[in-house]
2 protein chains.
Amino acid sequence: MTLSMTMTTTERLRSLVDTLEASELPELSEELVCSLNLPAGLVEELPIAEVAALTGVSAHTLRYYERIGLVDVARDAAGRRVYDSQALARVVFVTRLRMSDMSIRDISHYIGLVRQGSSTVPERLAFLQAHREAIRQRLRDLNGALAVIDYKITTYGGYCEP
Amino acid sequence: MTLSMTMTTTERLRSLVDTLEASELPELSEELVCSLNLPAGLVEELPIAEVAALTGVSAHTLRYYERIGLVDVARDAAGRRVYDSQALARVVFVTRLRMSDMSIRDISHYIGLVRQGSSTVPERLAFLQAHREAIRQRLRDLNGALAVIDYKITTYGGYCEP
DNA sequence: CCTTGACTTCGAGTGCACTCTAAGCCGTAG
DNA sequence: CTACGGCTTAGAGTGCACTCGAAGTCAAGG
């Protein structure tokens with residue numbers, strides 16, 4: 001598997017997942033997940049445009065995420081945003097949570113726990129586990145909808161009303 | 001598997017899917033899908049409150065769906081809505097499409113095709129097939145997000161920032 | 001007869017997650 | 001020097017999918 005430098009992290013995740021079994025719990029090596037989070041060779045400071053290109057999140061949305069407190073971003077001498085590897089990792093993690101339908105409100109809550117330090121680790125863990133269950137329920141629902149649509153396609157050919 | 005009369009169709013679908021293999025294409029018998037669409041014994045006319053209870057869609061939302069043209073509903077002598085089995089089936093189908101993240105705009109388009117009659121069958125079929133692909137992509141993305149979150153849970157225990 | 005409660009309509013309001021605008025600053029290429 | 005493109009800010013605007021409110025109608029129960 002090659003994870004090109006020109007892909008967004010979402011595309012990288014897709015190409016990664018495409019190579020895995022369709023089981024609900026694909027195994028990811030630490031190496032793979034790390035390469036997903038922080039593409040090798042891009043560990044230094046990045047301007048907003050590069051973060052946007054890398055993550056597939058628009059510059060507008062990146063500023064929005066910072067404004068509502070999801071990411072802390074430093075500035076250069078001219079006042080422009082400079083994303084270090086930690087900020088980039090945060091953006092990627094937030095997009096991963098968004099992709100799994102976690103609301104901005106819940107992500108803010110989680111980030112708030114992170115800010116409070118390691119005393120909140122148990123709560124964070126419980127939070128992620130609860131979200132994991134929500135994802136699994138969503139997967140079941142989606143599979144059900146897919147089955148019904150597949151059934152409609154194969155049996156009715158789109159003909160039978162409704 | 002028992003599909004109780006007191007469950008919403010979404011709950012019915014879930015209990016149905018829970019009994020199936022976790023493969024992406026569970027097989028559904030015609031009998032099962034039909035029982036899902038139209039619970040036996042409820043083939044006659046229903047007031048809005050019963051449709052709401054049966055489908056899990058609020059009366060407000062049912063009126064909204066009618067207003068934007070997703071469902072046609074007859075009235076009784078007093079002007080109250082009367083859902084026949086066809087209207088109920090339409091509501092259920094719409095909720096199924098909504099559950100699979102199809103936008104209201106796209107559902108309206110599909111219903112528009114249905115209204116135009118059988119000449120649009122090929123287009124409807126293509127539409128459903130395209131949507132099927134969107135669902136499958138969504139399933140892959142969701143699985144990827146699940147994998148990353150699982151990885152975070154098991155490896156970092158919620159501790160490692162971010 | 002009168003009240004109750006479920007229904008009706010129309011239009012306005014809500015919450016979410018962006019998404020864009022406008023006005024202005026800064027560093028480099030020509 | 002100047003024009004340009006990309007960045008900055010605060011705040012307003014957008015689109016979606018509901019969701020609710022207000023005012024009124026109607027049938028059944030006490």
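Hi everyone. A quick definition before we start: a residue counts as partly exposed when its relative accessible area lies between the 20% limit for buried and the 50% limit for exposed. Keep in mind as well that this is a predicted model.

So, which residue does that definition serve? A:D101, which has a relative accessible area of 42% and is therefore partly exposed. You'll find A:D101 in the loop between α5 (85–99) and α6 of chain A. Its backbone caught my eye: phi of A:D101 is near 70 degrees, a positive value in a residue other than glycine. As a reminder, most residues other than glycine have a negative phi.

Now look over at chain B. There, B:D101 sits in the loop between α5 (85–99) and α6 (104–115). Phi of B:D101 is positive too, near 75 degrees, and B:D101 counts as partly exposed, at 43% relative accessibility.

Let's follow chain A into the helix after that loop. Helix α6 of chain A runs over residues 104–115, 12 residues in total. From first C-alpha to last, α6(A) reaches 16 Å, close to the 16 Å expected at 1.5 Å a residue. Which residues of α6(A) are buried? They are A:I107, A:Y110, A:I111, A:L113 and A:V114. These residues cover an arc of only 155 degrees around the axis, so they are on the same side of α6(A). The general rule behind this kind of pattern is that an α-helix has 3.6 residues a turn, so residues three or four places apart point the same way. Just after α6(A) comes A:G117, with a positive phi of about 95 degrees.

On to the DNA. How many residues surround DNA strand C? There are 19, and the closest are A:Y65, A:R98, A:I104, B:R75 and B:R81. Of the strand C atoms that come within 4 Å of the protein, 75% belong to sugar and phosphate.

Here are some individual contacts to find on your screens. A polar side-chain atom of A:R105 is 3.2 Å from a phosphate oxygen of strand C. For B:R81, a backbone N or O atom lies 2.5 Å from a phosphate oxygen of strand C. With A:R67 we reach a base: a side-chain N or O atom there is 3.2 Å from a base oxygen of strand C.

Which elements give two or more residues to the surface near strand C? From chain A, α4 (59–67) and α6; from chain B, α3 (48–55) and α4 (59–67). The largest share, 5 residues, comes from α4(A). By type, that surface has 9 charged, 6 nonpolar and 4 polar residues.

Thanks, everyone!

Key:
Residues numbered from 1 in each chain as written. Chains lettered and ligands numbered in written order. Predicted model: local features only at pLDDT ≥ 70, side-chain atom pairs only at ≥ 80, totals over all residues. Heavy atoms only, no water. Helix = DSSP H or I, 4+ residues; strand = E, 2+ residues; numbered from the N terminus. Expected span 1.5 Å × (residues − 1). Buried < 20%, exposed > 50% of the residue type's maximum accessible area, 1.4 Å probe, protein only. Arc of directions from axis to C-beta. Near = heavy atom within 4 Å. Polar contact = N/O pair within 3.5 Å; in protein donor to acceptor, adjacent residues only side chain to side chain. Nonpolar A, V, L, I, M, F, W, Y, C, P; charged D, E, K, R; others polar.
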